[in-house]
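Let's take a friendly walk through a protein model, one feature at a time. Keep the 3D view open and look for each part as it comes up.

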Amino acid sequence: FINVPSDGVYEFFVNSNDGGILYLDGKMLINNDGFHKTQEKWKKTGLAKGFHSVQLDYFQMGGAKALTVSWKIPGKEKEEIPAGVLFH
């Protein structure tokens, strides 16, 4: 789960080499799947304050390795999602 600090429109980013797919509340939010160089895809979504289920699927096909998942909280700069907002 990810704990969203306040209601608002959030931006999520998946930067991966190779495939990375981000799901939020059981629905695919970002599809950065496939065999490719490091690339970033992003999407905005409205979220209510509180806990939301989050899942990341990833695979590596050789060559360079990269995977980061970031967010942009309304009114703040983009950052990698901090461990302190993730829960199991």
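Strand 2 and strand 8 run antiparallel to each other and pair over 7 bridges. One place to spot this is Val14, whose bridge partner in strand 8 is Val69. Please keep in mind that this is a predicted model.

On to the other pairings of strand 2. This strand is also joined to strand 5, by 9 bridges, and the two run antiparallel. Here you can look for Val9, which stands opposite Gly46 in strand 5. How many residues of strand 2 are buried? The count is 7 of the 10 residues in the stretch 8-17, so strand 2 is largely enclosed by the rest of the structure.

Now put the pieces together. Four strands make an open sheet in the order 5-2-8-9, with antiparallel pairing. Strand 5 and strand 9 are the edge strands, since each pairs on one side only. As a general point, the strands of a sheet pair through backbone hydrogen bonds, either parallel or antiparallel. Strand 8 and strand 9 pair antiparallel over 2 bridges. In that region, Trp71 stands opposite Glu79 of strand 9.

**The protein as a whole**

What does the protein contain besides this sheet? It has 0 helices and 9 strands, and the pattern along the sequence reads β-β-β-β-β-β-β-β-β. The radius of gyration is 13 Å, close to the 12 Å that the globule rule gives for 88 residues, so the protein is as compact as a globular protein of that length. Along its principal axes, the C-alpha trace spans about 40 × 25 × 20 Å. Buried residues account for 34% of the 88 residues. Among contacts between residues at least 6 apart in sequence, 63% join residues at least 24 apart.

**A closer look at Lys72**

Lys72 is a nice example of sequence and space telling separate stories. This residue lies in strand 8 and, at 27% relative accessibility, counts as partly exposed. Lys72 and Val9 are 63 residues apart in sequence, while their C-alpha atoms are 9.0 Å apart in space. Leaving aside residues up to four places away in sequence, Lys72 touches Val9, Tyr10, Glu11, Phe13, Glu77 and Lys78.

**Side chains that meet**

How many salt bridges does the structure hold? There is 1, and it brings together the side chains of Glu40 and Lys78, at 2.9 Å from N to O. Glu40 lies in strand 5 (residues 39-47) and Lys78 in the loop between strand 8 (66-72) and strand 9 (79-80), so the pair ties together parts that are 38 residues apart in sequence. Lys78 has another partner to look for: its charged end sits over the ring of Phe13, 4.3 Å from the ring centre.

Aromatic rings meet too, and the count comes to 4 aromatic pairs. One of them joins Phe51 and Phe87 edge-to-face, at 5.3 Å centre to centre and with 75 degrees between the planes. Phe51 lies in strand 6 (residues 50-52) and Phe87 in the segment after strand 9, so this pair ties together parts that are 36 residues apart in sequence. Elsewhere, ring pairs link Tyr10, Phe12 and Trp71 into a cluster.

Are the residues named in these pairs buried or exposed? The table lists the values for the salt bridge and for the Phe51 and Phe87 pair.

| Residue | Relative accessibility | Class |
|---|---|---|
| Glu40 | 36% | partly exposed |
| Lys78 | 39% | partly exposed |
| Phe51 | 51% | exposed |
| Phe87 | 41% | partly exposed |

Phe51 counts as exposed because its 51% is over the 50% cut-off.

**Two backbone details**

Finally, here are two spots in the loops. The peptide bond from Asn17 to Asp18 is cis, with omega near 25 degrees. Asp18 is found in the loop between strand 2 and strand 3 (20-24). Further along, Asp25 has a positive phi of about 55 degrees although it is not a glycine. Asp25 lies in the loop between strand 3 and strand 4 (27-32) and is partly exposed, with a relative accessible area of 38%.

Technical notes:
Residues numbered from 1 in each chain as written. Predicted model: local features only at pLDDT ≥ 70, side-chain atom pairs only at ≥ 80, totals over all residues. Heavy atoms only, no water. Salt bridge = Lys/Arg side-chain N within 4 Å of Asp/Glu carboxyl O. Buried < 20%, exposed > 50% of the residue type's maximum accessible area, 1.4 Å probe, protein only. Phe/Tyr/Trp six-rings, centres within 6.5 Å; stacked < 30°, edge-to-face > 60°. Lys NZ or Arg CZ within 6 Å of the ring centre and 35° of its normal. Pairing = 2+ DSSP bridges. Rg over C-alpha atoms; globule rule 2.2 N^0.38 Å. Contact = heavy atoms within 4.5 Å.
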